[in-house]
Amino acid sequence: MKLTISALSTATLLSSCSAWKHTSGQDLRSAISGNDHALVACNRTGSQALEPEWTSVASSHDALMSVDCASESALCDEHNVISYPAIRYFDGHGQTKLYRGPRRASAILSFLKRADRPAITALDEAKSAAFQSVDDVVFIAHVNARDEHIANAYEKLAAQYSDRASFGSTDTEGATTVECYNNRDEQKFTLSALTAIDALPKLVDSCLAPLIGEFTRGNEMDYLQSGKSLVLFFSPSSAEREAYVSKMRPVAKMYKEYLSFVTVDADEYADFVVPLGLIPGVFPALAVQNPPRGQTFPFAEGAAITPESVGAFVMDIVQGKVKPWDGQPRQRKAQSHDEL
């Protein structure tokens with residue numbers, strides 16, 4: 001199904017995608033009251049967050065709108081917007097989905113493709129192979145007709161998580177199994193022991209969890225209370241954070257049972273830098289934090305952050321070769337200058 005926009009809303013949507021030219025609440029309600037799909041960014045005046053990514057998405061999709069919650073607070077309250085920017089998808093049939101993914105154009109475009117699919121795509125064995133790679137995370141259930149209860153549980157999970165992954169199903173005469181392909185991190189999960197009531201939810205949680213996540217206001221307490229130590233990479237540049245994720249995956253995979261690797265927007269979490277023993281304004285930067293013990297291990301200022309150096313740093317911490325930060329503020333290294 002292709003995204004379509006009525007004549008009235010097309011002009012409004014196109015005008016709203018550049019430099020946060022927000023639409024009015026009245027025009028937004030008019031645009032989403034019919035059978036049209038729309039993706040709406042709820043922001044506040046003066047905020048530049050998301051704007052470059054949103055503009056990039058707008059270059060290939062015209063079903064976009066934005067609204068200023070400072071002047072349209074009632075509308076934002078109506079759609080439970082409590083932080084900014086927030087993204088809502090209106091499916092044209094009275095249903096609204098919250099966008100929970102990264103604020104990156106590629107992730108938003110993947111979300112739009114997901115929203116255009118049914119919650120579960122019917123497959124046969126031939127189509128299953130191609131379906132494995134349609135999304136970053138793909139679930140495929142091979143269901144025996146006698147396991148109707150598993151099919152029902154899978155259907156409920158697909159409805160709940162269809163904004164974050166793609167779900168397919170095919171019939172089988174063999175044992176019922178559910179496979180998950182985390183294409184982003186090149187991991188595959190297969191579940192055949194489906195009798196436990198929490199078996200499917202645990203599979204979904206395991207497969208959706210990225211090897212290197214993004215530390216946000218929405219998940220920060222989950223990470224801090226997980227019981228694992230955190231390896232936090234700080235940068236104000238989304239491109240630099242993505243590059244770090246790409247090269248650091250092998251190390252994160254090696255230590256995933258014990259460590260959570262995360263990237264942190266240094267601008268949004270500027271107040272988080274000093275308590276970790278890092279130097280304000282000196283990025284990229286990295287620190288290992290053990291929340292249960294209240295220990296922090298800042299990575300050496302200016303040292304190259306590579307898979308090899310980070311892996312060695314982690315091992316040195318484990319072996320007691322690196323002592324926890326003593327809490328004393330660290331100073332930027334003095335720059336040497338040639339006297340000429």
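**Exercise 1.** State whether Cys-69 and Cys-76 are buried or exposed, and describe the bond between them.

*Solution.* Both Cys-69 and Cys-76 are buried, where buried means under 20% relative accessible area, exposed over 50%, and partly exposed in between, with a 1.4 Å probe and protein chains only. This is a predicted model, in which local features need pLDDT of at least 70 and side-chain atom pairs count only at pLDDT 80 or more, whereas totals for chains, interfaces and linings use all residues. Residues are numbered from 1 along each chain as its sequence is written, and side-chain values use heavy atoms, with hydrogens and water left out. Next, a disulfide, that is, a pair of cysteine sulfur atoms within 2.5 Å, joins Cys-69 to Cys-76 with an S to S distance of 1.9 Å. Finally, the torsion about this S-S bond is about -85°, so the disulfide is left-handed.

**Exercise 2.** Characterise the link of Cys-180 and Cys-207 by its S to S distance and its handedness.

*Solution.* The sulfur atoms of Cys-180 and Cys-207 are joined at 1.8 Å, and with -80° about the S-S bond this link is left-handed. As for burial, Cys-180 has a relative accessible area of 0% and is buried, and Cys-207 likewise counts as buried at 0%.

**Exercise 3.** Explain why Cys-42 forms no bond with Cys-76, and give the disulfide count and pattern.

*Solution.* The closest cysteine sulfur to that of Cys-42 belongs to Cys-76 and lies 4.6 Å away, which is too far for a bond; Cys-42 is nevertheless buried, at 5% relative accessibility. The count therefore comes to 2 disulfides by the distance rule, and their pattern is 1-2, 3-4 when bonded cysteines are counted along the chain.
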